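Take a walk through this model, from its cores to its main pocket. Start with two polar side chains and what surrounds them.

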Amino acid sequence: MLQHVYERASQARYLSKLIIATDDDRIYKAARSFGAAALMTRSDHLSGTDRVAEAASSDPAAAIVNIQGDEPLIDPTAIDAAALALLDDPDVPMATLKKVIEDRREIEDPNVVKVVTNLAGDAIYFSRCAIPFTRDGGRGVYYKHLGLYVYRREFLLAYSNLPVGPLERRERLEQLRALENGHRVRVVETECESLGVDTPEDLERVAALFEPSLRMP
């Protein structure tokens, strides 16, 4: 699965370098086995963003993209769209992606994070619950958050020092740290589908799209 994520990310036009950052020796060795650049990080990070910040601290890149290793269907054009959102607006410190939920079962699935935005396209809130609530009982449009982030380097390096607020603790969603501390998060809509692998059932769904070696034993 990790190799699929790496190979798809390699096709993005606006990425100049790819590094797999991990605190797990097994992941490090797997990354090296298929030729990826890999970096061992500390094991005490509270979130993936904190890990990426450590990796970025020794790199002069002006913008850093955080692609999670459990997103084997991530589309390279979606990566580029998120990167361009940051590059096109110098006042935005962080950008991410959303997609219309087509499978209604995902609306109530806490492993599928939902997002609502304001009219400017900035995030209002991320939640594992179905947001927004439709009071009249209609079938409103819901957006799921795709696990990819783009940061300006200065913002990313300062991120780990931002206070962890009650919403982040309650939802267990690291992106809420930015909102709770008053920072904007630009959310770009994409039509590209993605599937985060959070459960054995998710792995089975993804495995059906790839070679048999990804299937659960």
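A residue counts as buried when its relative accessible area is under 20%. The model is predicted, and that cut-off is applied to it here. Asp122 has a relative accessible area of 7%, so it is buried. Find it in the loop between strand S5 (114-117) and strand S6 (123-127). What does the side chain of Asp122 make a polar contact with? The partner is the side chain of Arg186, at 2.7 Å. Set aside the neighbours within four places in sequence, and Asp122 is in contact with Val116, Thr117, Arg184, Val185 and Arg186.

Val185 leads onward. Beyond its neighbours within four places in sequence, Val185 is in contact with Asp122, Gly121 and Ala123. Its contacts also include Met94, Thr96, Phe126, Ala178 and Leu179. Val185 belongs to the largest nonpolar core, which has 21 residues. Within that core, Val185 is among the residues with the most contacts, along with Met94, Ala123, Phe126 and Leu156. Which elements give two or more residues to this core? They are H3, S6, S7, helix H5 (153-159) and helix H7 (176-180). Another core lies apart from it. That one has 16 residues, including Ala78, Val92, Leu97 and Leu148.

Now turn to His145. It sits in strand S7, residues 143-152. Is His145 buried or exposed? Its relative accessible area is 10%, so His145 is buried. Its side chain makes a polar contact with the side chain of Thr96, at 2.6 Å. Leave out the neighbours within four places in sequence, and His145 is in contact with Thr96, Leu97, Val113, Lys114, Val115, Phe126 and Gln175. Two of these names are familiar. Phe126 is one of the residues with the most contacts in the largest core, and Leu97 is in the other core. Thr96 is also in contact with Val185.

Last comes the pocket. The largest pocket holds about 1,100 Å³ of space. It is lined by 35 residues, and those closest to its centre are Ile19, Val52, Val65, Asn66 and Ile67. Helix H1 (2-9), strand S1 (20-22), helix H3 (48-56), strand S3 (63-67) and helix H4 (76-88) each give two or more residues to the lining. By class, the lining has 23 nonpolar, 7 polar and 5 charged residues. Helix H3 links two parts of this tour: it gives residues to the pocket lining and to the largest nonpolar core.

Methods. Residues numbered from 1 in each chain as written. Predicted model: local features only at pLDDT ≥ 70, side-chain atom pairs only at ≥ 80, totals over all residues. Heavy atoms only, no water. 1 Å grid on protein atoms, 1.4 Å probe; cavity = no way out; pocket = protein on both sides within 12 Å on 5 of 7 lines; lining within 4 Å. Points joined across faces, edges and corners; volume = space filled by probe spheres on them. Helix = DSSP H or I, 4+ residues; strand = E, 2+ residues; numbered from the N terminus. Nonpolar A, V, L, I, M, F, W, Y, C, P; charged D, E, K, R; others polar. Buried < 20%, exposed > 50% of the residue type's maximum accessible area, 1.4 Å probe, protein only. Polar contact = N/O pair within 3.5 Å; in protein donor to acceptor, adjacent residues only side chain to side chain. Contact = heavy atoms within 4.5 Å. Core = buried A, V, L, I, M, F, W, Y, C linked by side-chain atoms within 4.5 Å.
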